[in-house]
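Subject: Structure handover

Hello,

Here is the structure I promised, with its sequence. My notes on what turned up follow below.

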Amino acid sequence: MDPMQRFRKECTAFFDQLSPEGRSSLVFGDGQSDRPVLMLIGEAPGEQETLQGRPFVGKAGKNLTAFLEVVGLDRQDLYVSNVVKVRPTKRSASGGIVNRPPNREEKLLFTPWLMREIAIVRPDGLVTLGNVALQAFMEETVGNVHGKWQRTVVSPPEGEAFTLPLFPLYHPASVIYNRSLADIYQADLIALRDSLTAGLNLKNDT
C-alpha cells in the first residue's frame, strides 16, 4: 500500500468512528500527488464535491478552470484538496441543507491530516483560497498577505517539519459577494502566473 492509499484508509477509519452514521462522506484530494508544481487548498467540499467524491467540481470546478486559464497550468499539473474533507452544512431559513464555513472543531480535527497529506504530496508550493485555508498555516488574514509569496512551516503529526512557499489568494466565492475584490483577485492571479513563468525556484525563494 503506497503512502497516499494508507493516508486515505487511516483518515477514513478515524472519521468513520466520529460519524453518527458510522460512515463519513470524505472528499479526498485529487490530481498530481507526486511533487506537483502547486498544491491548491480550499476550505471544504460542497454539495457537488460530496456527490462526486472529488474536490473542485461543480461551481468550484468552474472557479478552478478560471484559475488555471489565468495561471497557465493544466489540472494535471496540480494537486487540489481542502482543509476540511467533509461538507459542513446547516439548515437554511427555508429548511433546506446549505453549505456553511467549517467551525473551529472541524478545522482542528482536519488540519493534522492536511499536514500529513502535504508531506506525502510534497508540492513545490502551496496556494490557499480564503482565510480558512490560509489560517491552517499562519495567524494572518488574506487581506494582509494576499498576492505575495510567504514562507510557512508544514508540521505533520509524524516525521519532521519542513518549510514551503505559500501564495495566499482570496476565495473565489468572496469575489462574487464583494465585487470590489475582483480586480485584486485577478491581479494576484497574474502575479502568481508571472512568478511561475519567470522560473521562480519555489523551493528556495519566496
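Leu-126 has Leu-166 as its bridge partner in strand β8. The model is predicted, so please read everything here in that light. The strand that pairs with β8 in this region is β6, residues 125-129. The two run parallel and are joined by 4 bridges. Strand β7, residues 150-154, also pairs with β8, but in the antiparallel sense. That pairing covers 5 bridges. Within it, Arg-151 stands opposite Pro-165. Strand β8 itself spans residues 162-169, and 7 of its 8 residues are buried, so the rest of the structure largely encloses it.

Leu-126 also turns up in the core. The largest nonpolar core holds 53 residues. Leu-126 ranks among those with the most contacts inside it, along with Ile-41, Phe-67, Ile-118 and Phe-137. Helix α4, residues 104-121, gives the most to this core, with 6 residues. In soluble globular proteins, nonpolar side chains tend to be buried together. What does Phe-67 touch, leaving aside residues up to four places away in sequence? Its contacts are Leu-40, Leu-78, Val-127, Leu-169, Leu-189 and Leu-192.

Next, a buried loop residue. Val-84 is found in the loop between β3 (78-82) and β4 (89-91). Its relative accessibility is 0%, so Val-84 counts as buried. Leaving out residues up to four places away in sequence, Val-84 touches Glu-43, Ala-44, Pro-45, Pro-102, Glu-106, Lys-107 and Phe-110. Take Phe-110: this residue and Val-84 are 26 residues apart in sequence, yet their C-alpha atoms are 5.5 Å apart in space.

Now the charged residues. How many salt bridges does a search of the whole structure find? The count is 6. Three of them are worth listing:

- Arg-54 with Asp-30: the closest N and O atoms are 2.9 Å apart. Arg-54 sits in the loop between α2 and α3 (58-71), and Asp-30 in strand β1 (residues 30-31). The pair is 24 residues apart and links distant parts of the chain.
- Arg-75 with Asp-30: the closest N and O atoms are 3.1 Å apart. Arg-75 lies in the loop between α3 and β3 and Asp-30 in strand β1, so this pair ties together parts that are 45 residues apart in sequence.
- Arg-100 with Glu-106: the closest N and O atoms are 2.7 Å apart. Salt bridges that share partners also join Asp-30, Arg-54 and Arg-75 into one network.

Accessibility varies among these residues. Arg-54 is partly exposed, at 36% relative accessibility. Asp-30 is partly exposed too, with a relative accessible area of 22%. Arg-100 counts as partly exposed at 22%. Glu-106 counts as buried at 14%.

One more acidic residue deserves a look. Glu-49 lies in helix α2, residues 47-52. Which side chain of opposite charge is nearest to Glu-49? It is Arg-87, 7.3 Å away. Glu-49 is buried yet has no salt bridge. A salt bridge needs a nitrogen and a carboxyl oxygen within 4 Å, so Arg-87 at 7.3 Å does not qualify. The side chain of Glu-49 does reach the backbone nitrogen of Gly-46, at 3.0 Å. Beyond four places in sequence, Glu-49 touches Val-27, Arg-54, Pro-55, Phe-56, Val-57 and Ala-60. Among them is Arg-54, which forms the salt bridge with Asp-30.

Best wishes

Notes
Residues numbered from 1 in each chain as written. Predicted model: local features only at pLDDT ≥ 70, side-chain atom pairs only at ≥ 80, totals over all residues. Heavy atoms only, no water. Core = buried A, V, L, I, M, F, W, Y, C linked by side-chain atoms within 4.5 Å. Buried < 20%, exposed > 50% of the residue type's maximum accessible area, 1.4 Å probe, protein only. Contact = heavy atoms within 4.5 Å. Lys, Arg positive; Asp, Glu negative; His and termini not counted. Polar contact = N/O pair within 3.5 Å; in protein donor to acceptor, adjacent residues only side chain to side chain. Pairing = 2+ DSSP bridges.
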